[in-house]
Amino acid sequence: MSSSPSPSPSARGSRLALLVVALCWLAVLFDGLDMFVYGSVLPHMLQTKALGITPGQAGDLGSYATFGMLVGALAAGTVADRVGRKKLMVGCVTLFSLASGMCALSGSVAVFGLGRTLAGVGLGGLLPTAISMVSDFARSGRAALTVGLLMTAHHAGGILSAYVAKWLVEPYGWRSAFWVCVVPLLFVPVLAKAMPESLSFLLAKGRSDEARSLAVRYEVELPAAPDPKAPADRFGALLALFRGGEWLQTLLYWLASFGGLLLVYGVATWLPTLMRGEGYNLGSALSFVVLFNLGGIVGMLVAGRASDGFGAPRISAIWFALTAAGVFLLSVHMPLGLTFLVVFVTGVFLNSAQVMIYATVSIRSTPDNRATAVGWTSGMGRFGAVFGPWLGGRLLAAGNGDWGFTAFALAGVSSMVFIGIAALRSSRRPEPTGTGRPLVTAG
């Protein structure tokens, strides 16, 4: 009796890549839910004066979360390259889930703000780590598409947050939404058991036998051993981003990320509130969140495919230009159907424009330095993420809410300029070595 043929190494390798992407996708789904839920419940909190918050305080609270994300993103590369990407992902999901429980239990603005700050640390640490993880296992020539696929989860979480607000906040209060954000704790044991450690991390730490054992278990090929000339410590890895003429390219990516995240988190925090200020009711305002994130999902897939063909920095620059136009149009009161269309199209371009910056940095980095490069690009951009919600709150508190969309559109223009210059510079020189992730046999 003949036995069925065993899966080929390439098939098993594809299954491993699918497993890693699926687990990272679920983790980032919960990340998006926790990130967007504050903006989704904010109109209700302001209307009912929950915890006594004012528009100015609401902007500050939004910035607390993004400040925590700044800390988490800056630490992510160093911590992930030291303890492993798997352990860091488990820790991040645990942290932002418990912090959401603190928000649900809070009895004052101070406690709520502390909960959002701690949640932000976990949220900020998870995203660059997950991007680095899926980049490690992505098929050659499909890195940007894989990152784009991963980031659809972030916007699926945003859609989920809008429905959580629609279904739970009115009958059960705003705290119920944050209790939903504690549910990812149930996913932590699954993540800890099923997620393999990054092969590149194991090799970079000198754990070659462990990496080979994992590769044999899943019948996949090992990445090439790290370049012996690669930086031996994380401070050296950071300095490497500025050596050999890379300093200008690094700064351009950081500046583009600043404007991009100011735009992303400013709009994510204030879109429902600003749209209510334009005269739309709460139901329509939350529908805008759904359409905005649906556009983000479409945009990730389109931008990933386009970036693999034409270059992530070029696509990012074009996307930022289109985003700025769309965001500016939202400051004009239009018929509801047309507004829905503009919100959707703006979501298509806005979200994926920023992610293609991460894809560019990830692709251009060597495996042993990838987490640091992506983490610091994300971390520098988080200064913009801190500033965006604060700016929206200040404009609203001063009675200048109409200027909110204009300010965010200008941020998109600035990112277009910076990433556009980076694209021109990239086209004039070859890619750095090591980005192709050459493979050796797992024997």
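**Exercise 1. Decide whether T78 is buried, partly exposed or exposed, and say where T78 lies.**

Solution. T78 has a relative accessible area of 26%. With a 1.4 Å probe and protein chains only, buried means under 20%, exposed means over 50%, and partly exposed is in between, so T78 counts as partly exposed. The residue belongs to helix α2, where helices are DSSP runs of H or I with at least four residues, numbered from the N terminus. In space, the C-alpha of T78 is 10.0 Å from that of A373, although the two are 295 residues apart in sequence.

The model is predicted, so local features need pLDDT of at least 70 and side-chain atom pairs count only at pLDDT 80 or more, while totals for chains, interfaces and linings use all residues. Residues are numbered from 1 along each chain as its sequence is written, and side-chain values use heavy atoms, with hydrogens and water left out.

**Exercise 2. Work out how the spans of α2 and α14 compare with what is expected, and find where each helix has a kink.**

Solution. Begin with the rule that the expected span is 1.5 Å times one less than the number of residues. Helix α2, residues 55-83, has 29 residues and reaches 40 Å from its first C-alpha to its last, which is close to the expected 42 Å. For α14, also with 29 residues, 42 Å is expected and the end C-alpha atoms are 43 Å apart, so the two values agree.

Next, take the bend at a residue as the angle between axes fitted to the seven residues ending there and the seven starting there. In α2 there is a kink of about 40 degrees centred on A76, and in α14 there is one of about 25 degrees centred on A353. Just after α2, G84 has a positive phi of about 115 degrees. As for its surroundings, α14 is mostly covered, with 21 of its 29 residues buried.

**Exercise 3. Find how many cavities of 30 Å³ or more the structure holds, and describe their linings.**

Solution. A cavity is a set of points on a 1 Å grid over the protein atoms alone where a 1.4 Å probe fits but cannot get out, and lining residues have an atom within 4 Å of a point. A search of the whole structure finds two of 30 Å³ or more.

The largest cavity holds about 100 Å³ of space. Of its 13 lining residues, M151, H154, L261, V264 and V355 are the closest to its centre. Two or more residues of this lining come from each of α5 (143-172), α11 (246-277) and α14 (336-364), and α14 gives the largest share, four residues.

The second largest cavity has a volume of about 50 Å³. Among the residues that line it are M35, F36, Y38, R116 and T269. Here α1 (9-48), α2 and α11 each supply at least two residues, with the largest share, four residues, coming from α1.

**Exercise 4. Classify the ring pair of F112 and W174, and explain what the pair ties together.**

Solution. Rings of Phe, Tyr and Trp (its six-membered ring) pair if their centres lie within 6.5 Å; planes under 30 degrees apart are stacked, over 60 edge-to-face, and the rest tilted. The whole structure has eight aromatic pairs. The ring centres of F112 and W174 are 5.6 Å apart and their planes lie at 75 degrees, so this pair is edge-to-face. F112 lies in helix α4 (residues 109-137) and W174 in the loop between α5 and α6 (175-180), so the pair ties together parts 62 residues apart in sequence. Both F112 and W174 are buried, and ring pairs link them with Y38 and F178 into a cluster.

Methods
1 Å grid on protein atoms, 1.4 Å probe; cavity = no way out; pocket = protein on both sides within 12 Å on 5 of 7 lines; lining within 4 Å. Points joined across faces, edges and corners; volume = space filled by probe spheres on them.
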